[in-house]
Amino acid sequence: KSASYIMDCCRKVLEVALEVVEQGYPVTVQTHMSPSGCYWRCTIKSQYKSVNYSSGANWIFFEIADCDKKSIQQIAAELLPRLGIDSNTPKPLWGSITDDANSVLQADWLYRAMELTAPNGFWSEFSDTGGFSTFQAPPNTSFDLVNSMLSYYQSNKTPHPFLIYEERHKLADAAKNGNWTAAFEILDQHPTWINL
């Protein structure tokens, strides 16, 4: 298989995880390389179950076949029950302000990592043989960053510097100037910010 073919598979796996978050369900995403270094792996975890993907499975994501022919939304709908999530249950990330700051920060980290690796990059946090590595990604995409983001937020009551960038400044300026149309457009792109 070509490198671009594998990259397309891996990126779509992460886009499916992001879709689950956009639907309001907190999940964690962990990525790593196999011991041989030949396969990229991704684990998506909910509070109920976890599912695993290996790039060796190509377009079979989490035992869901033909993912090359399905939309992100279709795959996410099939993934929810595999994660033990009932799509009819309340969506804890949206609605009222959540008490679970960690879930919000994990979701926000995923958004930011996806933005940094767009349009077709992905990352590997560690290898099975130890150590940290990145692939097609800046070095700051380690999932360990979530913990430091949470403690930073709890100590300083402001977002971690990793989450401060141009779009956040635009949101702050729009709110300050009463430009709510612009503010809501930005929040449509970054819904987790509502809870921070």
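## Helix α6

On one side of helix α6, the residues T181, F184, E185, D188 and Q189 are exposed. The model described here is predicted. Helix α6 spans residues 180–189, and its buried residues are A183, I186 and L187. Seen down the axis of α6, these buried residues fall within an arc of 100°, so they line one face of the helix. An α-helix has 3.6 residues a turn, so residues three or four places apart point the same way.

## Helix α2

The buried residues of α2 are I72, I75, A76, L79 and L80. Around the axis they cover an arc of only 145°, which puts them on the same side of α2. Just after α2 comes G84, with a positive phi of about 75°.

## Nonpolar cores

The largest nonpolar core has 38 residues, and those that touch the most other members are L14, W40, I44, F61, F62, L79 and L110. Two or more residues of this core come from each of α1, β2 (40–45), β3, α2 and α3 (101–117). Helix α1 gives the most, with ten residues.

L79, one of the buried residues of α2, touches V16, V20, I44, V51, F62 and I64, not counting residues up to four places away in sequence. Apart from the largest core lies another core, of five residues, among them L171, A183, I186 and L187. A183, I186 and L187 are the buried residues of α6.

## The loop between β3 and α2

Strand β3 covers residues 50–54 and helix α2 covers 72–82, and N58 lies in the loop between them. F62 lies in the loop between β3 and α2, and so does E63. Most residues other than glycine have a negative phi. N58 departs from this, with a positive phi near 55°. Phi of F62 is also positive, near 55°.

Which of the loop residues F62 and E63 is buried, and which is exposed? F62 is buried, with a relative accessible area of 4%, whereas E63 is exposed, at 72% relative accessibility. F62 is among the residues that touch the most other members of the largest nonpolar core, and L79 of α2 is one of the residues in contact with F62. E63 and R82 are 19 residues apart in sequence, while their C-alpha atoms are 9.3 Å apart in space.

## Helix α1 and R11

Helix α1 runs over residues 3–22 and contains R11. The relative accessible area of R11 is 7%, so R11 counts as buried. Leaving aside residues up to four places away in sequence, R11 touches M114, T117, A118, P119, N120 and G121.

## Cysteines

How many disulfides does the structure hold? The structure holds zero disulfides. C9 is in no disulfide, and the nearest cysteine sulfur, that of C10, is 6.4 Å away. A disulfide needs a pair of cysteine sulfur atoms within 2.5 Å.

For C42 the closest cysteine sulfur is also in C10, at 8.6 Å, too far for a bond. C9 counts as buried, at 0% relative accessibility, and C42 is buried with a relative accessible area of 0%.

Conventions: Residues numbered from 1 in each chain as written. Predicted model: local features only at pLDDT ≥ 70, side-chain atom pairs only at ≥ 80, totals over all residues. Heavy atoms only, no water. Buried < 20%, exposed > 50% of the residue type's maximum accessible area, 1.4 Å probe, protein only. Helix = DSSP H or I, 4+ residues; strand = E, 2+ residues; numbered from the N terminus. Arc of directions from axis to C-beta. Contact = heavy atoms within 4.5 Å. Core = buried A, V, L, I, M, F, W, Y, C linked by side-chain atoms within 4.5 Å.
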